[in-house]
Amino acid sequence: MKKIRVAAHMGCFGGNIPGNTKASAELALRSGADIIELDVTMSADGQLFVFHPQLERRFLNQDVDIRTMAAKDVELLHFVNQQGAPTSHTICLLQDMLAFLKDRCVISIGKFGDHPVEIAKVVRDLHMQDQVIVKSPGKQHHFNMIAETA
């Protein structure tokens with residue numbers, strides 16, 4: 001009999017634990033998740049961060065766009081909790097999150113198609129190819145792009 005796999009979208013979050021953070025990933029793993037889904041966006045200077053693009057207002061309570069910011073400025077941002085109050089949680093670099101999850105679970109990378117070459121390089125540099133899956137729309141050109149980069 002095949003085992004049912006549990007995937008945690010952006011980890012397990014709520015209250016003072018925002019999604020797409022190490023804390024949300026840790027909580028999801030402790031709650032029994034087998035797969036952690038992460039969203040990835042890139043700063044203006046090419047650094048990959050674990051954050052859902054264009055949701056800065058919702059998760060940071062700020063009118064900013066990480067894609068137009070330098071990494072040093074992104075690293076200063078703090079997530080807000082469910083009530084909109086600032087938390088101690090900051091936006092994690094993709095390589096740091098992957099290292100945190102190495103050998104602990106399967107990782108599903110969302111928004112892969114936005115920066116496939118750069119994301120694939122980080123995954124390969126950490127030797128995590130067998131641990132990462134990527135999501136894509138179901139169009140042939142997306143499958144071709146994944147085949148070429150991943």
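**Entry 1: His52**

I began with His52, which I found in the loop between E3 and helix H2 (56–60). I noted early that the model is a predicted one. Is His52 buried or exposed? I record His52 as buried, because its relative accessibility is 19% and the cut-off for that class is under 20%. I then listed the contacts of His52, leaving out residues up to four places away in sequence: they are Asn20, Asp39 and Lys111.

**Entry 2: strand pairing around E6**

Asp39, one of the residues that His52 touches, led me to the strand pairing. I found that Asp39 has Gly110 in E6 as its bridge partner. E2 and E6 pair in the parallel sense, and I noted five bridges for them. On E6 I also looked up the pairing with strand E7 (residues 132–134), which is parallel as well and runs over three bridges. Within that pairing, Ile109 has Val134 of E7 as its bridge partner. I followed the chain from E6 through H5 to E7 and recorded this β-α-β crossover as right-handed. How many of the five residues of E6 are buried? I noted four, and I describe E6 as mostly covered.

**Entry 3: helix H5**

I turned next to the helix of the crossover. In H5, I recorded Pro116, Ile119, Ala120, Val122 and Val123 as buried. Why do I place them on the same side of H5? I do so because they cover an arc of only 160° around the axis. I then asked what covers the buried residues of H5. The elements I noted include E2, E3, H4, E6, E7 and H6. After H5 I came to His127, and I recorded a positive phi for this residue, near 55°.

**Entry 4: nonpolar cores**

I looked up the largest nonpolar core, which holds 27 residues. Which of its residues touch the most other members? I noted Ile36, Leu101 and Ile107. I then listed the elements that give two or more residues to this core: helix H1 (22–30), strand E2 (35–42), strand E3 (48–50), helix H4 (94–101), strand E6 (106–110), helix H5 (116–125) and helix H6 (140–149). For Leu101 I took the contacts in turn, again not counting residues up to four places away in sequence. Leu101 touches Ala25, Leu29, Ile36, Leu38, Ile107, Met128 and Gln131. I also found a second, separate core of 13 residues, with Val74, Phe79, Ile91 and Leu93 among them.

**Entry 5: aromatic pairs**

Phe79 of the second core brought me to the ring pairs. How many aromatic pairs does a search of the whole structure find? I recorded two. One is formed by Phe51 and Phe59, and I noted it as edge-to-face, with 6.2 Å centre to centre and 85° between the planes. I recorded both Phe51 and Phe59 as buried. For Phe51 and Phe79 I noted ring centres 5.8 Å apart and planes at 35°, so this pair is tilted. The pair of Phe51 and Phe79 links distant parts of the chain, 28 residues apart: I located Phe51 in the loop between E3 and H2, and Phe79 in strand E4 (residues 78–80). Both Phe51 and Phe79 are buried. I closed the entry by noting that ring pairs link Phe51, Phe59 and Phe79 into a cluster.

Technical notes: Residues numbered from 1 in each chain as written. Predicted model: local features only at pLDDT ≥ 70, side-chain atom pairs only at ≥ 80, totals over all residues. Heavy atoms only, no water. Core = buried A, V, L, I, M, F, W, Y, C linked by side-chain atoms within 4.5 Å. Buried < 20%, exposed > 50% of the residue type's maximum accessible area, 1.4 Å probe, protein only. Contact = heavy atoms within 4.5 Å. Pairing = 2+ DSSP bridges. Right-handed = clockwise from strand over helix to strand, strands pointing away. Arc of directions from axis to C-beta. Phe/Tyr/Trp six-rings, centres within 6.5 Å; stacked < 30°, edge-to-face > 60°.
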